[in-house]
Amino acid sequence: MVIFWRRIDLDGLERMTLVASESGLRAVSTIICVEDGGFKLDHTWQLTPDWRAVSLKVERLGANGPRHMTLERDDDGWRVNGERRSDLDEADEPDLSVTPFCNSLPIRRLLSSDAESLTVEVAYVDGKDLTVTRSRQRYDRLGPDRVRFVDLGLSAGFEAELRVDDRMLVVSYEHLFERVG
């Protein structure tokens, strides 16, 4: 399956390929964007069959040259570029700032339950500098295919409505992204 998203707030396009197998889901994506002098960002996700992140690999090529970051879940928490990060121990999932794909992980958990709201700790990956910081977010059910995202951490006060398809993949993310095609 191939998905395209475009940025609404500036010129940018993402192309993602999702491949499901018995061992889980692999998502491979490339983003091209004009922000910060233009950049190309490749990201690869490995997920379990129940859509829990096992790893996220990111490569960014921009005005400051190439950068790389790997985030991996281990038995005790998370490793960033191979180094154990105890400050991320409570993080449920990664959140990569430049794609709406990561929102599908907590949205799937919320919409597959009877809960009206889900609060999660995330390992927030800044797509600009590839730093990883723990943050907190809430997802509120608005309907069978709509949720409200509320940032309770690094960007406290930011809110957006997200609409998803029947696979719970983001179709629109208010003010930032929309599915193309």
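With which side chain does the side chain of R7 make a polar contact? In this predicted model, the partner is the side chain of D9, at 2.7 Å. R7 lies in strand β1, which covers residues 2-7. R7 counts as buried because its relative accessibility is 14%, and the cut-off for a buried residue is under 20%. When neighbours within four places in sequence are set aside, the residues in contact with R7 are G12, C33, E35, L176 and F177.

A nonpolar patch was found on the surface, with an area of about 290 Å². The residues that make this patch are V2, F4, L13 and V180. One of them, L13, belongs to strand β2, residues 12-21. The relative accessible area of L13 is 40%, so L13 is classed as partly exposed.

Strands β5, β6 and β7 are linked in succession by hairpins. Strand β5 (residues 53-62) runs antiparallel to strand β6 (residues 65-74), and eight bridges join the two. Within this pairing, E59 has H68 of β6 as its bridge partner. The hairpin from β5 to β6 passes through two residues. Strand β6 also pairs with strand β7 (residues 77-80), again in the antiparallel sense, over four bridges. Here L71 is placed opposite V80 of β7. Two residues form the connection in the hairpin from β6 to β7.

A further set of antiparallel pairings involves strand β13, residues 159-164. In a regular strand, side chains alternate between the two faces of the sheet. Along β13, the side chains of A160, L162 and V164 point to one face, and these residues are buried. The side chains of E159, E161 and R163 point to the other face, and these residues are not buried. Strand β12 (residues 146-151) is joined to β13 by five bridges and runs antiparallel to it. The bridge partner of V147 in β13 is L162, one of the buried residues of that strand.

Strand β13 is also joined to strand β14 (residues 170-173), with three bridges in an antiparallel arrangement. In this pairing, V164 has V170 of β14 as its bridge partner. The hairpin of β13 and β14 has five residues between the strands. In this hairpin, M168 takes a positive phi near 65 degrees.

Helix α1 comprises residues 104-111 and is mostly covered. Of its eight residues, six are buried. The buried residues are S104, L105, P106, I107, L110 and L111.

Note on methods. Residues numbered from 1 in each chain as written. Predicted model: local features only at pLDDT ≥ 70, side-chain atom pairs only at ≥ 80, totals over all residues. Heavy atoms only, no water. Buried < 20%, exposed > 50% of the residue type's maximum accessible area, 1.4 Å probe, protein only. Polar contact = N/O pair within 3.5 Å; in protein donor to acceptor, adjacent residues only side chain to side chain. Contact = heavy atoms within 4.5 Å. Patch = residues over 30% accessible without salt bridge, like charges linked within 9 Å, V, L, I, M, F, W, Y side chains within 5 Å. Areas by Shrake-Rupley, 256 points an atom, 1.4 Å probe, with all protein chains shown as cover. Salt bridge = Lys/Arg side-chain N within 4 Å of Asp/Glu carboxyl O. Pairing = 2+ DSSP bridges.
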